[in-house]
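Me: Please take a close look at a single part of this model, one residue and the pockets and helices around that residue. I would like the cut-offs stated as you go.

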Amino acid sequence: MTVQFEDFAALTEDSPTARTEWAAVVDAWGEPHRRYHDLAHLAAVLGVAGELAAHATDPTAVALAAWYHDVVYDPTAGDNEEVSAQRAQAGLRGLVPDDRLAEVVRLVRLTAGHDPADDDADGAVLCDADLAVLAAPAPAYAAYASAVREEYGHLDDAAFTAGRIGVLKSLLDLPRLYRTPTAQPWEAPARANLTAELALLRARVHPSG
């Protein structure tokens, strides 16, 4: 799946303003420092969100949130989700109804923790789509983990390993990684991948012998 203006316009409007905004969003996702959080990730999340759309209350809001959920991505910052939400607020103003815009902004913020409420259908779809990579076959998961490490190239191995262990533990501590019925079979392979990576990183910190 590639990201086309027609897909964006179907969620907003087909206008010069929408085309300008789409181009700016695509440019942001194409920044050279991105290795995982790039256009391929955007396309993947949009694709999975489409597959899960039947579970959403407002599939359009979910899709728009997918477009913006990592539109701002600075590996040295800790507020990317919040700044991405603000970017969605500014970029979509006038292109979608106010109530839908508010939902998009809420959903983007939700990706900071990936822990939607039990009755949050739209949040469940977006978070499941964003975390789908965790359930990938082992080679694809390894490629994902390697790409994330490249994005954090400014950190030495010790700092990255400590931070990554924290991320993995926070994911494994979630009561459920996936909330929609369609995605629930992904739970076991995702937890296996996360557990294997965590064990590998811990072994680097405390090598035997």
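Reply: What follows starts from one arginine and then turns to the pockets and the cores.

This is a predicted model, in which local features need pLDDT of at least 70 and side-chain atom pairs count only at pLDDT 80 or more, while totals for chains, interfaces and linings use all residues. Residues are numbered from 1 along each chain as its sequence is written, and side-chain values use heavy atoms, with hydrogens and water left out.

R164 lies in helix 9, residues 157–173 (helices are DSSP runs of H or I with at least four residues, numbered from the N terminus). Because its relative accessibility is 7%, R164 counts as buried (buried means under 20% relative accessible area, exposed over 50% and partly exposed in between, with a 1.4 Å probe and protein chains only). The side chain of R164 makes a polar contact with the side chain of Y144 at 3.1 Å; such a contact is a pair of N or O atoms within 3.5 Å, where, within protein, one must be able to donate a hydrogen and the other to accept it, and residues adjacent in sequence count only if both atoms are side-chain atoms. Leaving aside neighbours within four places in sequence, R164 is in contact (heavy atoms within 4.5 Å) with Y141, Y144, V148, E197 and L201.

Two of these partners, E197 and L201, recur in the second largest pocket, where they are listed with A145, L200 and R204 as the closest to its centre among 15 lining residues. A pocket is an open set of points on a 1 Å grid over the protein atoms alone, where a 1.4 Å probe fits, with protein on both sides within 12 Å along at least five of seven lines, and lining residues have an atom within 4 Å of a point. The volume of this second pocket is about 270 Å³, a volume being the space filled by probe spheres set on the points, with grid points joined across faces, edges and corners. Helix 10 (187–205) gives the most to this lining, with eight residues, and helix 8 and helix 9 each supply at least two.

Helix 9 also takes part in the largest pocket, of about 780 Å³, where this helix gives the most to the lining, with seven residues. Of the 30 residues lining the largest pocket, the closest to its centre are H37, E81, H114, Y152 and V167.
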